[in-house]
Amino acid sequence: VILPPTGAQVPGLFRRVEVNDWLHAAFLASMQRFRGEIYLQDGAVRPEQLTGDGRHYLPVDEESWHVLTLNDEGKICACLRLHQEQGTPPFEKLPISDSALTRCPTWGGRLRRAVESEIANASAAHITFGDIGGWAIAPERRRTLEPLRTILAGYGLAEHLGSILGIATATCKHGSAAILRKLGLFPLPADGEDLPAYYDPHYRSEMEVLRFDSRHPNPKYRTWVQELRALLSIAPVVCARQSLAGAGLPISGEFDLY
């Protein structure tokens, strides 16, 4: 299932588009609750960092594209967020500006220059700069192909949107950063050196800043990206004209789109 940003224009290549503000809000809230549960189990967030109903809420969620995988019971078991920036955003407006690495006296300035260089590269290539994040996989799916499939679906979705060049902050837990590097992301270079891993007290984990270019996945997985891109074209796309965030929706966490 694909959730576009609230109020977004959906490209015509998606064939199963439904405009339903309530269903979009229900999916978004269920995804945030799923993400909150997974991050809490992993020790990446504390209970007080979640909403009263257990959601890992981020303002950027309403402005992002989301890829959700549902199991046979209609429950979310994997999710990923793609966020496209408008124009050439200043560094201070980006999520990475809140990272612990930004405040490092040794690497903070180099991180800023590296990100600003990527923004300029995206502009020169006439593609969107953005970030990829919000990756969460149900524990029972982690030793399957689901983690790879979810990221590669992100590549496919980004190509449907006209390509995205950007960054990801990836946790080292469960080998997440290593999986991303395997699929085609790589450490962000800064002044001739790769940015180092760093400890993020917010997520209580070692993190890496990785570069993401949807045009260039690992060649080993290019065919799979194309297959997933075709699958996304016929996946349900649930749109919203307006936000219903915080509307107190009675959400079961199970969905039947068929």
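In the predicted model, Ile164 makes contacts with Leu82, Gln84, Ile127, Thr128, Phe129, Gly130, Ala158, Phe212, Asp213 and Ser214, when residues up to four places away in sequence are not counted. Ile164 belongs to strand β6, which spans residues 164-171. Its relative accessible area is 1%, so Ile164 counts as buried, the limit being under 20%. Asp213, one of the residues touched by Ile164, is 49 residues away along the chain, yet the C-alpha atoms of Ile164 and Asp213 are separated by 6.1 Å.

Leu82 is another residue with contacts to distant parts of the sequence. With residues up to four places away left out, Leu82 touches Ser64, Trp65, Asp131, Ile132, Gly154, Leu157, Ala158, Ile164 and Phe212. Ala158 and Phe212 thus appear among the contacts of Leu82 and also among those of Ile164. The largest nonpolar core holds 34 residues, and within it Ile2, Leu82, Leu157 and Phe212 touch the most other members. Helix α3 gives the most to this core, with seven residues. Another core, of 21 residues, lies apart from it and includes Trp107, Ile127, Leu165 and Met207. Ile127, named in this second core, is also touched by Ile164.

Helix α3 was next examined for its packing against other helices. Helix α3 comprises residues 146-160 and packs against helix α5, residues 222-233, at an angle of about 70 degrees, with the two axes 8 Å apart. An angle of 65 to 115 degrees counts as roughly perpendicular, and α3 is therefore roughly perpendicular to α5. The crossing of α3 past α5 is right-handed. On the α3 side, the contact is formed by Leu148, Arg149, Leu152, Ala153, Tyr155, Gly156, Leu157, Glu159 and His160. On the α5 side, the residues are Trp224, Val225, Leu228, Arg229, Leu231, Leu232 and Ser233. By class, the residues of this contact are ten nonpolar, three polar and three charged. Leu157, part of the contact with α5, is also one of the residues that touch the most other members of the largest core.

Helix α3 also packs against helix α4, residues 176-183, here at an angle of about 50 degrees and with the axes 10 Å apart. Helix α3 is accordingly oblique to α4. The crossing of α3 and α4 is right-handed. Pro147, Leu148, Ile151, Leu152 and Tyr155 of α3 meet Ile179, Leu180 and Leu183 of α4. The contact of α3 with α4 has eight nonpolar residues, with no polar and no charged ones. Leu148, Leu152 and Tyr155 take part in this contact with α4 and are also named in the contact with α5.

Pro147 is further linked to strand β5. Ile137 is located in strand β5, and its C-alpha atom is 6.6 Å from that of Pro147, ten residues apart in sequence. The relative accessible area of Ile137 is 6%, so Ile137 is buried. Beyond four places in sequence, Ile137 touches Phe34, Ile38, Cys77, Ala78, Arg142, Glu146, Pro147 and Thr150.

Arg142, one of the residues touched by Ile137, lies in the loop between β5 and α3. Because its relative accessibility is 24%, Arg142 counts as partly exposed. Leaving aside neighbours within four places in sequence, Arg142 is in contact with Ile38, Asp42, Ile137, Pro147 and His174. Ile38 and Pro147 are accordingly named among the contacts of Arg142 as well as among those of Ile137. Ala78, which is touched by Ile137, lies 64 residues from Arg142 along the chain, with a C-alpha separation of 9.6 Å.

Exposed positions were found at the end of helix α2 and in the loop after it. Ala124 is in helix α2, residues 108-124, and its relative accessible area of 60% makes this residue exposed. The C-alpha atoms of Ala124 and Leu68 are 31 Å apart, with their positions 56 residues apart along the chain. His126 occupies the loop between α2 and β5 and counts as exposed, with a relative accessibility of 73%. Although His126 is not a glycine, its phi is positive, at about 60 degrees. Asp191, likewise not a glycine, has a positive phi of about 55 degrees. Asp191 is situated in the loop between β8 and β9.

Technical notes:
Residues numbered from 1 in each chain as written. Predicted model: local features only at pLDDT ≥ 70, side-chain atom pairs only at ≥ 80, totals over all residues. Heavy atoms only, no water. Axes fitted to C-alpha atoms, helices over the stretch in contact; angles between N-to-C directions. Helix = DSSP H or I, 4+ residues; strand = E, 2+ residues; numbered from the N terminus. Parallel < 35°, antiparallel > 145°, perpendicular 65-115°, else oblique. Left-handed = near helix turned anticlockwise from the far one by under 90°. Contact = heavy atoms within 4.5 Å. Nonpolar A, V, L, I, M, F, W, Y, C, P; charged D, E, K, R; others polar. Core = buried A, V, L, I, M, F, W, Y, C linked by side-chain atoms within 4.5 Å. Buried < 20%, exposed > 50% of the residue type's maximum accessible area, 1.4 Å probe, protein only.
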